[in-house]
Amino acid sequence: MIKRNTQQRRRAIVEQLNQTGEVSVEQLAQAFETSEVTIRKDLASLETDGFLLRRYGGAVPLPQELAVPQRGPSANQLAIAHKAAELIRDHNRIIIDCGSTTLGLIPELNEKRGLVVMTNSLQLANAIHELENEPTLLMTGGTWDPHSESFQGQMAEQVLRSYNFDQLFIGADGIDLNRGTTTFNELTNLSKVMAEVSQQVVVMLESDKLQRRIPNLELPWKQISTVVTDERLSSQAADIIRGHGIEVLLVPYQSSN
C-alpha cells in the first residue's frame, strides 16, 4: 500500500477497524509501510479522539455505550443556534461561552455587522477568526481548564469585569426546573461573572438535558433571561421555566439521522 499522510492514514485505520473488528500494530505498520512506533502514535491519537480502544498489540472498536459524541454541533444544536442568533443585533457586544451548541452560533455571526465578541474558548476564537465578516474578537485569558477546554479563573473574571455586554450566550449540561442550569464542571464562577456583566443571558441547550440530574448549579434562574431549546421540551416544563420570568423560545427538533 502506498504511503499516506497522517490524517489519511488514521482515517484508513478507522475504516479498516470498522470492517474487520480488530487491527494489530504489526499488520498496520506493514500495510502503511511505516514504523510500529508511528502506528502506536496513530492509535493513541485515535483513542483520545474516541474512535477506538487500544488493546495489547493493536486496537478494537469503541463500544457503542462509550462512544464520544461528535465534537461539532448536531443538526438540532444548529437549529437552536440559528434561533438564538435572531436575538443578536448589529453592533452588539456579546459573550459566547465554550460548548458545542454555542459553537453553532459562530457561522450566524456572518450576518451581523459591527459585533464585539468575547469568548473563553480557543475553538470558538479560531472559528470567529475564520469568518468573512470578522467581528472584533476579545479573549478572556486565564487558566486553561482541560475539562471544559476553556479559560477559567480569577484572571478571566477580572478581564470580564472590565467590560459590559449586551448579551451572554451560554450552554448547560442540565436544567433543574427549581434552581436553574446545572453543570458537571465544578468551575462555575466564571459563568456567574459572565452573567453579571451581561444585560441579557441566553441559555442554549437541547431539551433532553432536562433529564440529567447534576448537582452543580451553574446559573440560578434569576440570572437568566431566555432559554432557547427544541420542541421536545414538555409544555409543563416550559410553563415552569416561564414561571421564573424566563422567555422560552422553541425550535422544531432536528434529527441528525
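Glu-149 is a good place to start: at 40% relative accessibility, Glu-149 counts as partly exposed, because the partly exposed class runs between 20% and 50%. In this predicted model, Glu-149 lies in the loop between strand E7 (143-145) and E8. The backbone there has a twist to it, since Glu-149 has a positive phi of about 55° although it is not a glycine. For background, most residues other than glycine have a negative phi.

His-91 is another residue of this kind. Its phi is near 70°, a positive value in a residue other than glycine. His-91 is found in the loop between H4 and E4. Is His-91 buried or exposed? With a relative accessible area of 58%, His-91 is exposed.

**The chain as a whole**

Stepping back, the chain has 9 helices and 15 strands. The C-alpha trace spans about 65 × 40 × 35 Å along its principal axes. Of the 257 residues, 47% count as buried. Take the contacts between residues at least 6 apart in sequence: 58% of these join residues at least 24 apart.

**A little sheet with a helix across it**

Now for an open sheet of 3 strands, which come in the order E1-E3-E2 with antiparallel pairing. Strand E1 (23-24) and strand E2 (52-55) stand at the edges; each has a single partner strand, so one side of each is left without a neighbour in the sheet.

E1 pairs with strand E3 (residues 58-61) in the antiparallel sense over 2 bridges, and Ser-24 stands opposite Gly-58 in E3. On the other side, 4 bridges join E2 to E3, again running antiparallel. There, Leu-53 has Val-60 in E3 as its bridge partner. E2 and E3 also make a hairpin with 2 residues between the strands, where Gly-57 takes a positive phi near 85°. Helix H3 (residues 36-48) lies across E2 and E3, running at about 135° to E2.

**Two helices and what covers them**

Helix H4 (residues 75-85) has a set of buried residues: Asn-76, Gln-77, Ala-79, Ile-80, Ala-81, Ala-84 and Ala-85. A bit of helix geometry helps when looking at a list like that: an α-helix has 3.6 residues a turn, so residues three or four places apart point the same way. What covers the buried residues of H4 includes helix H5 (100-103), strand E9 (165-170), strand E12 (198-204), strand E14 (226-230) and strand E15 (247-251).

Helix H8 (residues 189-196) has its own buried residues, namely Leu-190, Ser-191, Val-193, Met-194 and Ala-195. These pack against strand E4 (93-96), strand E8 (150-152), helix H7 (154-160), E9, E12 and strand E13 (216-220).

**The nonpolar cores**

Which residues touch the most other members of the largest nonpolar core? Among its 30 residues, they are Ile-95, Leu-160, Ile-224 and Val-227. The elements giving two or more residues to this core are strand E5 (116-119), H7, E9, H8, E12 and helix H9 (235-243). H8 supplies the largest share, 4 residues.

Ile-95 is worth a closer look. Leaving aside residues up to four places away in sequence, Ile-95 touches Met-118, Leu-160, Phe-165, Gln-167, Leu-168, Phe-169, Met-194, Val-197 and Ser-198. Apart from the largest core lies another core, of 25 residues, among them Ala-81, Leu-109, Phe-169 and Val-251.

**Rings in pairs**

The structure holds 2 aromatic pairs, set out here:

| Pair | Centre to centre | Angle between planes | Kind |
|---|---|---|---|
| Trp-144 and Phe-151 | 5.1 Å | 75° | edge-to-face |
| Tyr-163 and Phe-165 | 5.9 Å | 40° | tilted |

Why do the labels differ in the table? Planes over 60 degrees apart count as edge-to-face, while those from 30 to 60 are tilted.

How accessible are the partners? Trp-144 counts as partly exposed at 39% relative accessibility, whereas Phe-151 is buried, with a relative accessible area of 15%. In the other pair, Tyr-163 is partly exposed at 31%, and Phe-165 counts as buried at 1%.

Phe-165 has one more neighbour to look for: the charged end of Arg-93 sits over its ring, 5.9 Å from the centre. Phe-165 is also one of the residues that Ile-95 touches.

Key: Residues are numbered from 1 along each chain as its sequence is written. This is a predicted model: local features need pLDDT of at least 70, side-chain atom pairs count only at pLDDT 80 or more; totals for chains, interfaces and linings use all residues. Side-chain values use heavy atoms; hydrogens and water are left out. Rings of Phe, Tyr and Trp (its six-membered ring) pair if their centres lie within 6.5 Å; planes under 30 degrees apart count as stacked, over 60 as edge-to-face and the rest as tilted. Buried means under 20% relative accessible area, exposed over 50%, partly exposed in between (1.4 Å probe, protein chains only). A charge sits over a ring if NZ of Lys or CZ of Arg is within 6 Å of the ring centre and within 35 degrees of the ring normal. Two strands pair if DSSP finds at least two bridges between them. Contact means heavy atoms within 4.5 Å. Axes are lines fitted to C-alpha atoms, for helices over the stretch in contact, and angles run from 0 to 180 degrees between N-to-C directions. A nonpolar core is a set of buried Ala, Val, Leu, Ile, Met, Phe, Trp, Tyr and Cys residues joined through side-chain atoms within 4.5 Å.
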